[in-house]
Amino acid sequence: MPGNGIWRTKTVEQSILDTDEPDTRLRKNLGTWDLIVFGVSVVIGAGIFTLTAQVAGDTTGPAVSLAFVLAAIACALAALCYAEFASTVPVAGSAYTYSYATFGEFLAWIIGWDLILEFSIAASAVAKSWSSYLQQVMSGIGISLDTKLPLGPLQFDWGAMLLVAVLVAVLITGTKLSARVSMVITAIKVGVVLFIIIAGIAYIKPDNYTPFVPEGQSVSEGGPALHQSLLSLLLGGESSTFGIYGLLAGASVVFFAFIGFDVVATTAEETRDPQRDAPRGILGSVVITTVLYVGVSLVLTGMVRYTELATGPDGQSATLATAFEINGVNWAATLISVGALIGLITVVMVLLLGQTRVLFAMARDGLLPRGLAKTDPHRGTPVRVTVLVGAVVFVASGFFSFSSLAEMVNIGTLFAFVLVSVGVIVLRSKRPDLPRGFRAPLVPAVPILAVLACLWLMINLTAFTWIRFLVWMLAGVIIYVLYSRTHSVLGQRERADNLPD
């Protein structure tokens, strides 16, 4: 076995061979269009319906469209690296599996632990957002429906829990059904997004774009120091509220909107022709969503003054519907709320799908209990791990309040992107003989640029986000030392090979 101890690597051939084990085999029934739908369905959701207005009002001003372009450049560079890996190592687990083949078991565990944070928090947060929209839509049609009920010191969010329960049942049924559900809902919300762009153009006032990058606030005006970006704290001076630091911080936050192609990579093992379909699905998702995001952000900040989108003293954040309400187009605001309600369904479903596939891969490798990797012989889906993930997200979305979730998801995702980008260079050097259905162009230049872009976005996240991220990573190291290191299937094979005859 290549390597030893915590740095032992799992060969690409062994990773692919493990996908044929009868008890842990996933069904291959997804095509290019299915993957693009998965990617677009998770991207067009909380980011476009909520995050765009919030970042414009609180962080960037009209320059939010430029923030999306900066985030998209980083994503496009990383997407090229993901596309090469997905076509070379078409195995569930995404960045976790790629890291196992290049950096060794310990870093693979760390990145898997990191992805658990990314997907589970994001799914829980978006489920709570869906619940809020449900209450808003019901109120709009005259029905008083409180989806959050007090339960001692906690709030019982039955709306979020109901959504998670239904979607877990759909995922257990099979990913092909999941793709079909996503396709219908994604078509609806893409239609709503196009409506926002077309209808909103008539209300654009050019003066609202000035100043395009508002003057930066001082640290005392921008809030507590730990809630400023790490970059602004290190360099001193302005806060990360408006100004150039605000633009950079905004790019780091809206990056949350582009995690869809990361989820696409986790489904490569269930793709009929991963060498062709996985790269198309990943790159197609990035291109489509970037065009829609830039279009919406330009229309939004042209319709209303960015100051009218600022988060209120009651903590209420603006949404896309806010811009239409300010312009007196209430029927359009209602339509957007309904579109958000529908659209967020697929966001939660695809995030749950991504989470289950990462845990499935880790369990199949023995870094988590192997029993979790059992698949249903009839449906070809990992029922046990799906139920486990569903239970965790079910409880979290129902009883816990979340803050700064987008940033926590972002730092985990960007860390994964850095390792994947470096991994392309490493695997090209170690295994130039591997068949690659897609080859990232200009290697090593493109992966290096991807690393630099992702690290740049990471240092523009808040210092508090970095502290929480490091605490989560420390917990992962402890679990690896106490359990995963000794239960690793690769480690057991290594020890068996070293036994005397």
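## Helices, a pocket and some unusual bonds

Colleague: Let's start with α6: what distance separates its end C-alpha atoms?
Modeller: Keep in mind that this is a predicted model. Helix α6 has 36 residues, and at 1.5 Å a residue these should span 52 Å. The model agrees with that expectation, because the end C-alpha atoms of α6 are 52 Å apart.

Colleague: How many residues of α6 are buried?
Modeller: Buried here means under 20% relative accessible area. Helix α6 is largely enclosed by the rest of the structure, because the buried residues number 30 of its 36.

Colleague: Which residue with a positive phi follows α6?
Modeller: Helix α6 covers residues 105–140. The phi in question is near 90 degrees, and it belongs to Gly142.

Colleague: Which helix gives the most to the lining of the second largest pocket?
Modeller: That pocket holds about 260 Å³ of space. Three helices, α6, α15 and α16 (383–399), each supply at least two residues of its lining. The top contributor, with 6 residues, is α6.

Colleague: And which lining residues are closest to the centre of that pocket?
Modeller: The second largest pocket has about 260 Å³ of space. It is lined by 15 residues, and the closest to its centre are Ile116, Ser120, Gln355, Leu359 and Val392.

Colleague: How many residues of that lining are nonpolar?
Modeller: No charged residue is found in the lining of the second largest pocket. Polar residues account for 3, and the nonpolar ones number 12.

Colleague: Turning to α15, is Phe360 buried or exposed?
Modeller: Phe360 sits in helix α15, which runs over residues 330–364. The cut-off for buried is under 20% relative accessible area. Because its relative accessibility is 0%, Phe360 counts as buried.

Colleague: What is the C-alpha to C-alpha distance between Phe360 and Pro382?
Modeller: Phe360 belongs to helix α15. Along the sequence, Phe360 and Pro382 are 22 residues apart; in space, their C-alpha atoms are separated by 7.0 Å.

Colleague: What about Arg370: how far is its C-alpha from that of Ser488?
Modeller: Arg370 lies in the loop between α15 and α16, and it counts as partly exposed because its relative accessibility is 38%. Ser488 is 118 residues away along the chain, yet the two C-alpha atoms are separated by 9.5 Å.

Colleague: Now for α4, how many of its residues are buried?
Modeller: Helix α4 takes in residues 64–88 and reaches 36 Å from its first C-alpha to its last, close to the 36 Å expected. It is largely enclosed by the rest of the structure, because of its 25 residues the buried ones number 20.

Colleague: Which residues does Ala72 touch, leaving out those up to four places away in sequence?
Modeller: Ala72 lies in helix α4 and counts as buried because its relative accessibility is 7%. Its C-alpha is 9.4 Å from that of Val254, which is 182 residues apart in sequence. With residues up to four places away not counted, Ala72 touches Phe258 and Thr290.

Colleague: How many of the residues of α2 are buried?
Modeller: Helix α2 spans residues 32–43 and reaches 17 Å between its first and last C-alpha, close to the 16 Å expected. Its buried residues include Asp34, Phe38 and Gly39. Helix α2 is largely enclosed by the rest of the structure, because of its 12 residues the buried ones number 11.

Colleague: Which residue does a cis peptide bond join to Thr210?
Modeller: The omega of this bond is about -5 degrees. The partner lies in the loop between α8 (175–201) and α9 (219–222). The residue joined to Thr210 is Pro211.

Colleague: And what is omega for the cis bond from Val443 to Pro444?
Modeller: Pro444 lies in the loop between α17 (405–430) and α18 (445–458). The peptide bond leading to Pro444 from Val443 is cis, with omega near 15 degrees.

Colleague: Is Leu442 buried or exposed?
Modeller: Leu442 is in the loop between α17 and α18. It has a positive phi of about 55 degrees although it is not a glycine. Because its relative accessibility is 66%, and the cut-off for exposed is over 50%, Leu442 counts as exposed.

Colleague: To finish with the whole chain, what share of its residues is buried?
Modeller: The chain has 20 helices and 2 strands. Its accessible surface is about 18600 Å², with 68% of that belonging to carbon and sulfur atoms. Of the 501 residues in the chain, the buried share is 60%.

Technical notes: Residues are numbered from 1 along each chain as its sequence is written. This is a predicted model: local features need pLDDT of at least 70, side-chain atom pairs count only at pLDDT 80 or more; totals for chains, interfaces and linings use all residues. Side-chain values use heavy atoms; hydrogens and water are left out. Helices (H or I, at least four residues) and strands (E, at least two) are DSSP runs, numbered from the N terminus. Buried means under 20% relative accessible area, exposed over 50%, partly exposed in between (1.4 Å probe, protein chains only). On a 1 Å grid over the protein atoms alone, a cavity is a set of points where a 1.4 Å probe fits but cannot get out, and a pocket is an open set with protein on both sides within 12 Å along at least five of seven lines; lining residues have an atom within 4 Å of a point. Grid points are joined across faces, edges and corners, and a volume is the space filled by probe spheres set on the points. Ala, Val, Leu, Ile, Met, Phe, Trp, Tyr, Cys and Pro count as nonpolar, Asp, Glu, Lys and Arg as charged, and the others, Gly among them, as polar. Accessible areas come from the Shrake-Rupley method with a 1.4 Å probe; for residues, only the protein chains shown count as cover. The expected span of a helix is 1.5 Å times one less than its number of residues. Contact means heavy atoms within 4.5 Å.
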